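Trainee: Please take one helix in this model and go through it closely, along with the parts of the chain that meet it. I would like one connected account.

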Amino acid sequence: MNTEDLLNQIAFIKEIDKVKYIQRKTKLFNSDRNENDAEHSWHLALMAIVLAEHSNEPIDVLKVVKMVLIHDIVEIDAGDVFIYDTLKSHDNTDEERLAANRIFGLLPKKQADDMIAIWQEFEAGETNEAKFAKSMDRLEPLLQNTSNNGGTWKEFDVPYKKVYEKKSVIKEGSKTIWNYAEGLINESVEKGILKKE
């Protein structure tokens with residue numbers, strides 16, 4: 001047994017506990033309590049397992065699960081940027097890259113390199129797995145907002161056009177799920193919980 005590796009792995013495990021304290025803007029289904037990053041990642045992992053059959057292309061489900069479980073760990077340092085933020089770009093990649101190097105760097109080198117590679121693959125969004133993982137990441141808050149009578153869309157006065165633009169990424173991973181999501185968006189407009197200009 002390599003004691004140094006074990007101690008580094010335990011240090012990483014302790015560090016990522018901080019993900020549980022990062023509050024997201026979206027709220028739990030039918031609730032007024034904000035979701036945290038750990039809850040979000042857990043939910044996406046189960047969604048990926050359950051919905052994998054709807055992927056546009058064959059995928060390695062375990063790789064998708066790894067992606068969604070680690071994709072927001074960088075927010076320990078970089079913070080959570082609201083997807084509809086008008087002042088700061090959601091793609092704060094420089095801050096997130098530094099965070100990835102620091103946090104995953106707590107692990108033994110091979111594990112650190114593997115985690116960083118998976119995180120980078122998710123961020124790039126080019127592989128079948130990354131496309132499907134991103135579709136899960138965009139679907140979950142959509143389901144939350146529709147269950148909460150508009151949720152963050154209403155709270156932050158987010159227009160239909162912006163919601164549609166951000167959520168249309170779903171179709172890259174699953175046209176089937178996108179058809180369902182698009183229906184929810186249009187239904188939200190009809191119900192008056194999403195404003196169409």
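Mentor: Start with S188, a residue of helix α11. The model is a predicted one. S188 counts as buried because its relative accessibility is 2%, under the 20% cut-off. Leaving aside neighbours within four places in sequence, S188 is in contact with T146, W153, I193 and L194.

Now the helix as a whole. α11 covers residues 175-191, 17 residues in all, and at 1.5 Å a residue it should span 24 Å. The C-alpha atoms at its ends are 24 Å apart, so the expected span and the model agree. Besides S188, the buried residues of α11 include I177, W178, A181, L184 and I185. The buried residues lie on the same side of α11, because they cover an arc of only 120 degrees around the axis. On the face turned away from that buried side, α11 carries the exposed residues K175, N179, Y180 and E190. The buried residues pack against α2, α7 (128-147), α8 (151-155), α9 (160-167) and α10 (170-173). After α11 comes G192, with a positive phi near 85 degrees.

Several of these partners deserve a look of their own. In α7, take S135. S135 has 0% relative accessibility and therefore counts as buried. Not counting residues up to four places away in sequence, S135 touches I170 and G173.

The loop between α7 and α8 holds N149. N149 is not a glycine, yet its phi is positive, about 55 degrees. With a relative accessible area of 47%, N149 is partly exposed. The loop between α8 and α9 holds D157, another residue other than glycine with a positive phi, here near 55 degrees. D157 has 49% relative accessibility and so counts as partly exposed; the cut-off for exposed is over 50%.

α2 is the remaining partner to describe, and it also packs with α3. The axes of α2 and α3 come within 8 Å and cross at roughly 165 degrees. That angle makes α2 roughly antiparallel to α3, because angles over 145 degrees count as such. The crossing of α2 past α3 is right-handed. From α2 the contact is made by S41, W42, L44, A45, A48 and I49, and from α3 by V61, V64, V65, V68 and L69.

The loop between α2 (37-51) and α3 (61-70) leads back to α11, by way of H54, which is placed in that loop. H54 is partly exposed, with a relative accessible area of 26%. Setting aside residues up to four places away in sequence, H54 touches F132, G173, S174, T176 and I177. Of these, I177 is one of the buried residues of α11, and G173 is also touched by S135. As for E96, it is 42 residues from H54 along the chain, and the C-alpha atoms of the two are separated by 30 Å.

To draw this together: α11 has its buried residues on the same side, and these pack against helices that include α2 and α7. The opposite face carries exposed residues, among them K175 and E190.

Methods
Residues are numbered from 1 along each chain as its sequence is written. This is a predicted model: local features need pLDDT of at least 70, side-chain atom pairs count only at pLDDT 80 or more; totals for chains, interfaces and linings use all residues. Side-chain values use heavy atoms; hydrogens and water are left out. Helices (H or I, at least four residues) and strands (E, at least two) are DSSP runs, numbered from the N terminus. Buried means under 20% relative accessible area, exposed over 50%, partly exposed in between (1.4 Å probe, protein chains only). Contact means heavy atoms within 4.5 Å. The expected span of a helix is 1.5 Å times one less than its number of residues. The arc is that of the directions from the helix axis to the C-beta atoms. Axes are lines fitted to C-alpha atoms, for helices over the stretch in contact, and angles run from 0 to 180 degrees between N-to-C directions. Angles under 35 degrees count as roughly parallel, over 145 as roughly antiparallel, 65 to 115 as roughly perpendicular and the rest as oblique. A crossing is left-handed if the near helix is turned anticlockwise from the far one by less than a right angle, and right-handed if clockwise.
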